[in-house]
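Thanks for sharing this one. Here are my notes, point by point, to read alongside the sequence and the structure.

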Amino acid sequence: MKKILNLDDLLQRRLMLVGGKGGVGKSTVAAGLAVAGAQRGHKVLLVSTDPAHNLGDLFESSLGRAPQTIPWAGALQVLELNPCTALNRYLESLRAQMLPHVALNLRPQLEKQLHLTRHSPGAEEAALLDEMTRLIQRRDDYDLIIFDTAPTGHTLRLLSLPAVMSTWADGLVAQKKRAGRFRDVIGSLRSSTREEEVEREAPSVLAPLIERQQRFREAAQVLRDAEATGFLFVMTAENLPFEETCRAAAALKEVGIMIAGLVLNRLLPAEAEPVEFLQGAWSMQQRVLVKVSEKLGDLPQVQLPMTGRALQGREGLRWLAGELARYSATAELQQA
């Protein structure tokens, strides 16, 4: 029997990541869930990590990095993380942390490395992750934080980073401590230069690394906490979104992130079957739904119909939140 996604259970989590193939409506679903959570009295923060933001369009508001309250949606705040801005802030924080500990003659090399880092692969993901881990640290300020993520491949890389960067930070801290002990031994044998005295200020050098190490470690633990965190897939009943969802589900299981459920979006109603113009699309959806039942049938699901409504703004998103609640409640009654 098909498992039904229980909206109340879903909204009890502290962190939810909503993702899927590009163009399947994941931002709209994330916005609808955020409104549904706020309607239940939860204090909700909705965050877009997708470089192609559209939460501002959905809420018909000008959004930025700072949380903005949506006046008609209760205790709901929304923000959009800009990868370019996040990268600038990330590199500037690195420069501020490192500059006092770098000798004057080595500072041009530091600037060169920071410039190369700006254009290196994965730099924006690392900067976005840095922003995400800071928000995860603030999770007690909210009942629920929902991340509207980028298309699947980008998101999987992002979610694998906390563990990788935690390990990287562990290595840097250990290396720095070993170097400090070695300098102490050498320093006891001869008098120190000024540069060596500066380098020996280990606590101040290590403090940013240790802070980042602890933040990444905490984020990795929270993302793997099945009670606190869940990943919600959104897909349309088409072959490519289905195949991508299957691959992503397997990848999430490998990294230990709980899959909370699956939203099947934009389903054609049964009335579409006899309509010649829609017969092909309706048949394809039915075939994909069979495959979903076979390969993803263990995931709790919710089905949303295709609608001619504009799912944005106060009226559209409230309607969507109501549909999510209505489907969940109706399905539960049918199964009782």
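How many aromatic pairs does a search of the whole structure find? The search finds 2 aromatic pairs, and points 2 and 3 take them in turn. Please keep in mind throughout that this is a predicted model.

1. Overall picture. The chain has 336 residues, of which 46% are buried. It is built with 12 helices and 8 strands. Looking at contacts between residues at least 6 apart in sequence, 79% join residues at least 24 apart. The accessible surface comes to about 16600 Å², with 54% of it belonging to carbon and sulfur atoms.

2. The stacked pair. A pair of aromatic rings is described by the distance of the centres and the angle of the planes. For Phe-59 and Trp-72, which are stacked, these values are 6.0 Å centre to centre and 25° between the planes. The two residues are 13 apart and the pair links distant parts of the chain: Phe-59 sits in helix H3 (residues 55-59), while Trp-72 is in the loop between strand E3 (68-69) and strand E4 (76-80). Phe-59 counts as buried because its relative accessibility is 2%. Trp-72 is also buried, with a relative accessible area of 16%.

3. The tilted pair. Phe-231 and Phe-233 form a tilted aromatic pair, with 4.8 Å centre to centre and 50° between the planes. Phe-231 has a relative accessibility of 3%, so it counts as buried. Phe-233 is at 1%, so this ring residue counts as buried too.

4. A lysine and a ring. Here is a contact of another kind to look at in your viewer: Lys-43 lies over the face of Tyr-142, at 5.2 Å from the ring centre.

5. The largest nonpolar core. In soluble globular proteins, nonpolar side chains tend to be buried together. Which residues touch the most other members of the largest nonpolar core? They are Met-16, Leu-33, Leu-46, Phe-59, Leu-76 and Ile-146, out of 40 residues in that core. Helix H2 (residues 26-39) gives the most to this core, with 8 residues. Leu-46 is a handy place to start: leaving aside neighbours within four places in sequence, its contacts include Ala-30, Ala-31, Ala-34, Phe-59, Leu-76 and Ile-146. Gln-77 and Asp-148 are also among the contacts of Leu-46.

6. The second core. A separate core of 34 residues includes Leu-17, Met-235, Ala-237 and Cys-246. Ala-237 comes up again in the next point.

7. A buried glutamine. Is Gln-285 buried or exposed? Gln-285 is buried, because its relative accessible area is 8% and the cut-off for buried is under 20%. This residue lies in helix H11 (residues 276-295). A polar atom of the Gln-285 side chain is 3.2 Å from the backbone oxygen of Arg-266. Beyond its neighbours within four places in sequence, Gln-285 is in contact with Ala-237, Arg-266, Leu-267 and Leu-268.

8. A buried serine. Ser-328 is found in helix H12 (residues 313-335). At 4% relative accessibility, Ser-328 counts as buried. Leaving aside neighbours within four places in sequence, Ser-328 is in contact with Ile-4, Leu-5, Asn-6 and Leu-7. The C-alpha atoms of Ser-328 and Val-302 are 7.0 Å apart in space, with their positions 26 residues apart in sequence counted as separation.

Technical notes:
Residues numbered from 1 in each chain as written. Predicted model: local features only at pLDDT ≥ 70, side-chain atom pairs only at ≥ 80, totals over all residues. Heavy atoms only, no water. Helix = DSSP H or I, 4+ residues; strand = E, 2+ residues; numbered from the N terminus. Buried < 20%, exposed > 50% of the residue type's maximum accessible area, 1.4 Å probe, protein only. Contact = heavy atoms within 4.5 Å. Areas by Shrake-Rupley, 256 points an atom, 1.4 Å probe, with all protein chains shown as cover. Polar contact = N/O pair within 3.5 Å; in protein donor to acceptor, adjacent residues only side chain to side chain. Phe/Tyr/Trp six-rings, centres within 6.5 Å; stacked < 30°, edge-to-face > 60°. Lys NZ or Arg CZ within 6 Å of the ring centre and 35° of its normal. Core = buried A, V, L, I, M, F, W, Y, C linked by side-chain atoms within 4.5 Å.
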